[in-house]
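Biologist: Got a minute to go through this one with me? Put the sequence and structure up and we can start.

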Amino acid sequence: MKIAIPVNDKSMEAGVCDSFGRTPYYLIYDTESKESIFLDNSAVASQGGAGIKAAQTVVDNKVNALLTPRCGENAAEVIRAANIQLYKTINDSIKDNIDALNEGKLSFLVDIHPGFHGHGGK
Amino acid sequence: MKIAVLSGKGGTGKTLLSVNLAASATESVYIDCDVEEPNGHLFFKPVDIQSEGISIKVPFVDESLCNGCRKCIDFCKFNALAYIINKLKVFNEVCHSCGGCVLFCPEKALSEREIIIGEVQSGVSENVTVLTGILQTGEKSGVPIIKRILQDTHQDKLTFIDCPPGSACIVMDSIKDADYCIMVAEPTLFGVHNLNMVYELVKLFNKPHGVVLNKCIDGENPSEKFCLEKNIKIIGKIPFDHELGTLNSKALILVRENNKYRDMFSTLLQIVTKEVQV
């Protein structure tokens, strides 16, 4: 299974980023081949609609699942339309979350927020 | 002459002030730009209401023509479009109606469609022409309504613009063409914070401005102190007054109920008019 996780740096030791749309990088990880690729998030400096653009990147990389602490409604709409499973991360460790996914211990992300739209969101 | 009344938060007295100033004038126009929760009409109870729907243009895709080239997606600075499983998806509420995607589409798969987002109502209440902007619940931006409602205001008529609270885009559009800005402030530290927000805005727009201190009580007034420190002109004070509050809570216009208030707001109107002409 191919998964995507928003991360703070281009390293497997990096933390999971709190923001999906404005994360600096994405980890694209293959749970079978254990292959990892880090992508720059071109949406990070968007004037608006960062979540939509970020979700487009995830969709274009043909992942099966997105693991993220949270997700805005527009991004979630794109992710869902592409039939990508949306999981909620358990902590900020990439490894812990991949392990939890492999063990079937991650739950679906259901609390979709309405977006911050320039009004912060720490 | 256009006078905008603004404040950093709701409930400071923008409507109280703009409604009563408008009602004090011989003839005037009152424009409610607080399109998310317009309430000036509750006081004026205007008659002969005419309504005009306000629409915005959003792209509409003909799926049989779209070949997924993504030129529209690459163009859109607001990321209002996405291409998912061979289908173009438009996020209407993110779209800023620039029409660029339609121009760029090589397949002519995109066209513009109008969607209604609200309305402008106009009516009359004695000496006041009342215009009310109303944004439909769930719509993201009232800016198109503000632009429309301020479009054909007559320059010669004394006009009061009741702004939305805060200092965001919607307020900028409300004060853009104003000749003078009145900031309403409460006598608290929080009031100072909110006053500072709109003060920064009117300075940025280089608008002549003054402050009306509302809900004044005996003792220290942090907002008054702020004005003195920053050398901002205080053009009036409204007391924290039980009778005033009671009338206002019944959606009555003070100057039409009581001579005491008529005198108070007439004096204020004279000061404002003089300030604008300076």
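Biologist: Which residues of helix α3 in chain A are buried?
Modeller: This is a predicted model. In α3 of chain A, residues 94-102, the buried ones are A:I94, A:N97, A:I98 and A:L101.

Biologist: Where do they sit around the axis of α3(A)?
Modeller: On the same side of α3(A), because they cover an arc of only 100° around the axis.

Biologist: And what do the buried residues of α3(A) pack against?
Modeller: Four strands of chain A: β1 (2-7), β2 (25-30), β4 (65-68) and β5 (85-88).

Biologist: What follows α3(A)?
Modeller: A:G104, with a positive phi near 70°.

Biologist: Stepping back, how many helices and strands in chain A?
Modeller: Three helices and five strands. Their order from the N terminus is β-β-β-α-β-α-β-α.

Biologist: How does the radius of gyration of chain A sit with a compact globule?
Modeller: It agrees: chain A has 13 Å, and a compact globule of 122 residues would have a value near 14 Å. The C-alpha trace spans about 35 × 25 × 25 Å along its principal axes, and 39% of the 122 residues count as buried.

Biologist: Other chain now. Where is B:D156?
Modeller: In chain B, in the loop that runs between α5 (143-149) and β8 (159-162).

Biologist: Buried or exposed?
Modeller: B:D156 counts as exposed, because it has 7 C-beta neighbours inside 10 Å and the cut-off for exposed is 12 or fewer.

Biologist: How far is B:D156 from B:M1 in space?
Modeller: 6.2 Å, C-alpha to C-alpha, though they are 155 residues apart in sequence.

Notes
Residues are numbered from 1 along each chain as its sequence is written. Chains are lettered from A and ligands numbered from 1 in the order in which they are written. This is a predicted model: local features need pLDDT of at least 70, side-chain atom pairs count only at pLDDT 80 or more; totals for chains, interfaces and linings use all residues. Helices (H or I, at least four residues) and strands (E, at least two) are DSSP runs, numbered from the N terminus. A residue is buried if 20 or more other C-beta atoms lie within 10 Å of its own, exposed if 12 or fewer, and partly exposed in between; C-beta atoms are placed from the backbone. The arc is that of the directions from the helix axis to the C-beta atoms. Two residues are in contact if their C-beta atoms, placed from the backbone, lie within 7 Å. The radius of gyration is taken over C-alpha atoms; the globule rule is 2.2 Å times the number of residues to the power 0.38.
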